[in-house]
Amino acid sequence: MFRRSKVGAGLKPDPTCRIVSIIIMNPIEPLIFEKSSPGRRCFSLPACDVPEKSIQALLPAKMLRKQEAKLPEVSEIDVVRHFTRISQMNFCVDTNFYPLGSCTMKYNPRINEETARMEGFTKLHPYQPVEHCQGILRLLYDFEQMLKSISGMSAFTLQPAAGAHGELTGMLIIRAYMEKKGETRHKIIVPDSAHGTNPASAALCGYEVESIQSNAEGLVDIKKLKESFTRDTAALMITNPNTLGLFEKDIMEICRIAHDAGGLVYCDGANMNALMGIARPGDMGVDILHLNLHKTFSTPHGGGGPGAGPIGVTEKLKPFLPVPRIEILATENTEIAERKIVEVNDRSPLHPHNSVSSVADLFHLNYDYPGSIGRVRAFYGHVGMMIRAYTYLLSLGKEGVCKVGEYAVLNANYLRHKLAKYYDIPYGKTCMHEFVISARKQKGKGASALDIAKKLLDYGFHAPTIYFPLIVEEAMMIEPTETESRETLDAFVYALIQIATDIEQQPETVRNAPQTTPIGRPDEVKAAREPKLKWEMRMG
Amino acid sequence: MDYIPNTERDKEIMLKEMGISSFESLLENIPKSLRNFSLTLQKGLSEPEVLKLLQDLSKNNTHTNNCISFLGAGAYEHYIPTIVDHLASRSEFYTCYTPYQPEVSQGTLQVIYEFQTLMCELTGMDVANASMYDGSTALIEAALLSIRLKERNKVVCSRAIHPEYRQVLKTYLKGFGTEIVEIDAPEGITDVNQLEKVLGDKTAAVLVQNPNFFGCIEDMEAISNITHKYDALFVACVNPISLGVLKPPGEYNADIAVGEAQVLGNYLNYGGPYLGFFTVKKELLRKMPGRIAGETVDSTGKRCFVLTLQAREQHIRRQKATSNICTNQALLALRACIYLCALGKKGIAELGNLNLQKSHYACEKLSALNIFEPSFKKPFFNEFVLKARGNHRITKINEYLLTKGIIGGLDISAFYPELSNSMLLCVTETKTRESIDRLVAELDKMR
């Protein structure tokens, strides 16, 4: 990581702004366009080995591009240095602790990357005949079975591209189900502590969103829910544990209220890490659940994506799942509609320990679901992410999955306990996998949640999620995950205690943070008021 | 392996420090009845065991490297320069979060900014966002933007758009009260006369793909003019590789240009993850879905980058956001960015030309056999449709080719019943003359 404080004193950037710096610690890396020089090449294509015709002979002139696209002209070493240097301006899980609440920034095992990059997966075309794709189809099928077991849901679709896409798919299923019942319900209830994607997904599907206020304990207010959940309510969208890191202890009654009113319950599974091996949403009575493979199942966040947001449903909602569905077409001699988990003696040699399908099974993609909501994307979903998540679950196994929830909850409570003396924690006595601090006390003394977050960067820790959930003033949402050691947690506590002490004595040192990062605080107002969203060649 | 550093001993120390006798007491809010279930997972495996298992599964697939494939249809095989994998494998890029803390995310932010610039250069559009899930959802977001902006309830869509994209459009718009009108493409391109007949003051947008699903190049200029006559938005869904030679959407006055950028340095991956891109004219900037990076200065006046115009997004605007998208395809956008830098100004034009030359060579050779005839007589880029003649059957032809290690074109009769016994072939720069000649020679034996 570049440290601004370490940048050699007296070194000035090239005034022409075409910086070709050889100073390794220079935290300014020009844009690749600024490194462009006419005639430079990075990559050579093979020569044309078929008899070449002029382009004009093949295409009418009016269809042709007149001006070349001004892509940079750079050499291979330019490109390699450029991306290597800018990569070093990032914090990441591999370099820094990332206590981002609700984001589950756990370690991304390397073996997952290794398996996802196997040629037999990366070079497989989605329209190849299914006989060519039996390996991947088996993997996806077995992965669905694993998710069913972990979540307690009856069936899964792996298609949604991310959590929010899963939410949308869930909303479409709810609408299709209600239509089938001949009911038009136009309302979705969302607690005020919910992720922003929840109301946005419901609205995208044409639903009216009613926000209900949490009770004094930070949980769903049962009385209010009963009043609000009328016959025009299609579903409740709930997050459990909620975004305060609290388990909704009345979850079973909440589901009953929705069901008694003829409605459904959608569960945002962003916080599933807390429940791994501890409890299952399917057993709580939820009807639809999305899982974030990039949170709970260790696939990397990639600087914003790709993720994957498979959704699980109960038996009655199965007919509405998007197509295609991955199914067993047949086994030798037997037709199979739905297969239960296969016992030990019937495992495939391909899956010496973990198969739920048998060796003779043939898989296919089934489009024949007349009640289905249809397609939610082209092809079959983020297969690359599923390979990673499947690899993770094979490595973990049953005992590993159970330890995930346990150690995630343990780590969060340990941090919570140690910080409670220094910061307000408005809700709960204990927590699940995360908890929310309020920095209102510190704000009164001259440093806000934002300032504390920035100061943490100077200590080498990524900031927690701040100003969310909206129901906590000066919120700082902290989620350590199970993949951090006691020592890391102690170091983080130490930093937060130091910051609390600094705020008492010299709050300006916190307000002026960060000082050691590649850049200081950016002017976000300028960015929004005078949007400059691409590089443009400077004239003259 | 569970990747959990803390041991039983750590756990005891931690619980003791918290003054708690057992871990279970932390779970007292969870009803007892929920704690009683059995996981039907097997025992965890060691690294060599997992690797062996996945290797076996991957070998149980026949992939495009151990046969010659002429499949395209929305997912394309292009050569990926080695530096793309190497640079995108830096964990500073792939293990970081969305760059909400710009001070420690300049790497990701600069990549997004460069990606936006590259996509604008390629498409000739004014503004690009940081990415969408895939080509299909990018197209749907363009339709949704148009419906919101124009407050009209009809979307007109060429039937030559990828059939799966049109299916997704139907899924999203069902129940919205939005009418989707499809325009035929009897001669391989969208019927402009039919299009003009259905346009009116209810039309929010006209959606056209170029090159379209059949590989044919549309008269985008004409469609754009007609669309604007009715004050609707013109949405172009384009293949970025084709823009090395084809006229970019900015030049035919498209309002929104979207598409699938898997072609830019991303693997086939059995259909995903892919990379949707989304570009607009500057008037539509504040209606755009998804994340956008912008330039600004830091506290010392130094140039830097941030996520900006976030008031459009779900985490601020909730149900009033321009889209529900949160997680996007940042890592694939990084790959596209590296790929385009590697190709450079000359490379993208050369690549476009190679695709054009090879596909035309293949089409000419195949059409000379008595087995096929081209289904359409329109200009095309790197894909074309052939219809089997006489007693020849596409299914039989493809079955035969598979026995020779060749994957023929996609049989499109399931998508277009009127185009029975036809296949869509794709020839990119990855096909050598030798492999094309082999396809021709094998088919010649079937005469």
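Tutor: Two residues are in contact if their C-beta atoms, placed from the backbone, lie within 7 Å. Keep in mind that this is a predicted model.

Student: OK. How many residues does the contact take from chain A and from chain B?

Tutor: Chain A puts in 173 residues and chain B 164 residues.

Student: Which helix gives the most to the side of chain A that touches chain B?

Tutor: Helix H11 of chain A, residues 383-419, with 20 residues.

Student: And how do the residues on that side divide?

Tutor: Into 89 nonpolar, 49 polar and 35 charged.

Student: Let's go to helix packing. How do H5 of chain A and H2 of chain B cross?

Tutor: H5(A) spans residues 134-151 and H2(B) spans residues 47-59. Their axes come within 6 Å and cross at roughly 130°. Angles over 145 degrees would count as roughly antiparallel, and 65 to 115 as roughly perpendicular. The two helices are therefore oblique to each other.

Student: Which residues meet there?

Tutor: From H5(A), A:Gly135, A:Arg138 and A:Leu139. From H2(B), B:Leu57, B:Ser58 and B:Lys59. That contact has two nonpolar, two polar and two charged residues.

Student: New topic, the largest nonpolar core. Which residues touch the most other members?

Tutor: The core has 318 residues, and those touching the most other members are A:Met386, A:Met476, B:Ala143, B:Leu207, B:Val235 and B:Ile338. Helix H11 of chain B, residues 330-368, supplies the largest share, 21 residues.

Student: Where does this core lie relative to domain 1 and domain 2 of chain B?

Tutor: Between them, because both domain 1 (68-79 + 344-444) and domain 2 (82-339) give residues to this core.

Student: What does A:Met386 touch?

Tutor: Leaving out residues up to four places away in sequence, A:Met386 touches A:Leu140, A:Phe143, A:Leu158, A:Leu293, A:Ala308 and A:Gly381.

Notes:
Residues are numbered from 1 along each chain as its sequence is written. Chains are lettered from A and ligands numbered from 1 in the order in which they are written. This is a predicted model: local features need pLDDT of at least 70, side-chain atom pairs count only at pLDDT 80 or more; totals for chains, interfaces and linings use all residues. Axes are lines fitted to C-alpha atoms, for helices over the stretch in contact, and angles run from 0 to 180 degrees between N-to-C directions. Helices (H or I, at least four residues) and strands (E, at least two) are DSSP runs, numbered from the N terminus. Angles under 35 degrees count as roughly parallel, over 145 as roughly antiparallel, 65 to 115 as roughly perpendicular and the rest as oblique. Ala, Val, Leu, Ile, Met, Phe, Trp, Tyr, Cys and Pro count as nonpolar, Asp, Glu, Lys and Arg as charged, and the others, Gly among them, as polar. A nonpolar core is a set of buried Ala, Val, Leu, Ile, Met, Phe, Trp, Tyr and Cys residues joined through C-beta atoms within 7 Å. A residue is buried if 20 or more other C-beta atoms lie within 10 Å of its own, exposed if 12 or fewer, and partly exposed in between; C-beta atoms are placed from the backbone. Domain bounds come from an automatic or database domain assignment.
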